[in-house]
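Biologist: I'd like a close look at one part of this predicted model, starting from a single residue and working outwards. Take your time and keep it connected.

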Amino acid sequence: MATKSEILIVGGGVAGLALATRLGETLGKRGEARITLIDKSFSHVWKPMLHCFAAGTVQNENNRISFMSQASRHYFDFWPGEVIAVDRENRKAVLGPVQSTDGTVVLEERTVEYDALVLAIGSCANDFGTPGVAEHCLFIDNLVEANGFNEKFRLELLKAFAANKELDIAIVGGGATGTQLAAELHKALDLVRLYSFEGNPPRLKITLLEAGARILPAFPEQVSEAARKQLEHIKVEVRTGAQVSGADAGGFMLKDGSYVPATLRVWAAGVKAPTVTTRFGGLSLNRSGQVIVQPNLRSVDDERIFAMGDCSFISDEPLPPTAQVARQQAHHLARHLPALIRNGTEVPHCVFRNKGAIVALGDYNGWGTLPGGTVFGGGMFKGLSARLGHLMLYRQHQVELYGLYRGLLSCLADWIDALVKPSIRLD
């Protein structure tokens, strides 16, 4: 009996989990290959919602997908851990030890063999070596960091209320993450007043710092201007052309010599691959640490290694680090990796089809852009339709992973839960 091919997928984000689920339903279910997903967390969250977890406007329990449960239903294996090195010559990935919260080693360092390795480890914010940022700023690149910020936010808000002061928060980065977080924090404050504080809720001062000429630079200029006006309407101070030169325990220093005081300092600027890519067997990387791949997503150095999503870089046609790109690349590999495994058929080039973009500022406003020149076939929409569109992207993601029946049940469960539990995290 022929030995099964081993397909190892590293990273359970939008791309990694979608690929593992689809390959499990084809190669895994038929016994043609063993599909193994590796992630340092035990559950998946949709990364475009991390700002909601950080603000506490979304309940974690309702919006996480257990890797173990998903694996059991879709014919793939899951192992917790972080790949800390890749031995390309012997086709082995090295997993670092798994530790409990008190530092006890639960699983020792291990190795996992592969015939094909797919890297989907996502990205993180890029501090560009700015002094003090790593030591004094909070990040929301994953669920652990988002929950950590939320805990600090709630405690500092309570402290400021008791002292009859404003809570100062400064966010660096005027992209989708920074702008949406600023709006979501104000939404959290609006929700808090429903539960306590005798009609006199805590006061919040948010400053959004963007080094460029406008916020949301990936969107048309009219969207950037409309978003700025909306943020200013809810009392967010938006400062463009504000280049941060350093951070300390009290705030940010700007290159123009000014200082922005802030009790909570969030860094949401720039994108780079996790530094662990430098230990992946000498694979070619760009300046941001992304793995350089061919248009078919195969590494330029190794025919057995693929990379997709934010951690990959196609030199011929660089693509933005968005969930839309990651999802399309995952679907492409899910369609063509089976033929590669079965008979060695080369994976064709992956062609990205831009379907537009949506940004939603809490319950206040939203904008969506479509390719082309008219609303149907291109153009822009805003308001409720854009905010509903943003929600539907998440529901689509749920249905894709759960299947139609369980996906719809999940939506119903969320709706029922919203009627019972507080609409904001209070503890």
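Modeller: Let's start with Pro338 and its contacts. Leaving aside neighbours within four places in sequence, Pro338 is in contact with Leu23, Thr26, Leu27 and Leu333. Leu27 deserves a second look: Pro338 and Leu27 sit 311 residues apart along the chain, yet their C-alpha atoms are separated by 6.6 Å. Pro338 itself belongs to helix H8, which runs over residues 323-343. Its relative accessibility is 6%, so Pro338 counts as buried, the limit being under 20%.

Staying on that helix, move back to Gln328, which also has its place in helix H8. Is Gln328 buried or exposed? Gln328 counts as buried because its relative accessibility is 14%, with the line drawn at under 20%. Being buried doesn't leave its side chain without a polar partner: it reaches the backbone oxygen of Arg353 at 2.7 Å. Arg353 turns up again in the contact list of Gln328, which, once neighbours within four places in sequence are set aside, reads Cys350, Val351, Phe352, Arg353 and Lys355.

Helix H8 carries a charged link too. Arg327 and Glu400 bring their side chains together in a salt bridge, 3.2 Å from N to O. Arg327 lies in helix H8 and Glu400 in helix H9 (residues 384-402), so this pair ties together parts that are 73 residues apart in sequence. Unlike the two buried residues above, Arg327 is partly exposed, because its relative accessible area is 23%. Elsewhere, salt bridges that share partners join Glu6, Arg34 and Asp77 into one network. The whole structure holds twelve salt bridges, and two more of them are worth walking through.

Take Glu184 and Lys187 to begin with. Their side chains meet in a salt bridge of 3.5 Å, N to O. The two are three residues apart in helix H6 (residues 176-192), which means about one helical turn separates them. Both partners are buried. Glu184 has another polar partner as well: a contact of 2.7 Å joins its side chain to that of Thr57. Thr57 is found in the loop between helix H2 (50-55) and strand E4 (65-66). With a relative accessibility of 12%, Thr57 counts as buried, because that is under 20%. Put together, the side chain of Glu184 meets Lys187 in a salt bridge and Thr57 in a polar contact.

For the other pair, look at Glu237 and Lys205, which form a salt bridge with the closest N and O atoms 3.0 Å apart. This one links distant parts of the chain, from Glu237 in strand E14 (residues 236-240) to Lys205 in strand E13 (residues 203-210), 32 residues apart. Glu237, at 34% relative accessibility, counts as partly exposed, and so does Lys205, at 32%. So here the partners are partly exposed, whereas Glu184 and Lys187 are buried.

Now for the nonpolar side of things. Ala307 lies in strand E20 (residues 305-307), and at 0% relative accessibility it counts as buried. Not counting residues up to four places away in sequence, Ala307 touches Leu119, Val291, Val293, Leu297 and Ser312. If you'd like a sense of span, the C-alpha atoms of Ala307 and Ala188 are separated by 37 Å, with their positions 119 residues apart along the chain.

On the surface, Tyr405, Leu409, Leu412, Trp415, Ile416 and Leu419 form a nonpolar patch with about 690 Å² of accessible area together. Leu412, one of that group, lies in helix H10 (residues 404-420). At 43% relative accessibility, Leu412 counts as partly exposed, since that class falls between 20% and 50%.

Last, a word on confidence. The protein chain has a mean pLDDT of 88, and 92% of its residues reach 70 or more. Over residues 373-377, though, the pLDDT is below 50, and beyond near neighbours in sequence this stretch has seven contacts in the model. Where pLDDT is low, the predicted coordinates should not be read in detail.

Key: Residues are numbered from 1 along each chain as its sequence is written. This is a predicted model: local features need pLDDT of at least 70, side-chain atom pairs count only at pLDDT 80 or more; totals for chains, interfaces and linings use all residues. Side-chain values use heavy atoms; hydrogens and water are left out. Helices (H or I, at least four residues) and strands (E, at least two) are DSSP runs, numbered from the N terminus. Buried means under 20% relative accessible area, exposed over 50%, partly exposed in between (1.4 Å probe, protein chains only). A polar contact is a pair of N or O atoms within 3.5 Å; within protein, one must be able to donate a hydrogen and the other to accept it, and residues adjacent in sequence count only if both atoms are side-chain atoms. Patches are made of residues with over 30% relative accessible area and no salt bridge: like charges are joined within 9 Å, nonpolar side chains (Val, Leu, Ile, Met, Phe, Trp, Tyr) within 5 Å. Accessible areas come from the Shrake-Rupley method with a 1.4 Å probe; for residues, only the protein chains shown count as cover. A salt bridge is a side-chain nitrogen of Lys or Arg within 4 Å of a carboxyl oxygen of Asp or Glu. pLDDT is the predictor's confidence in each residue, from 0 to 100. Contact means heavy atoms within 4.5 Å.
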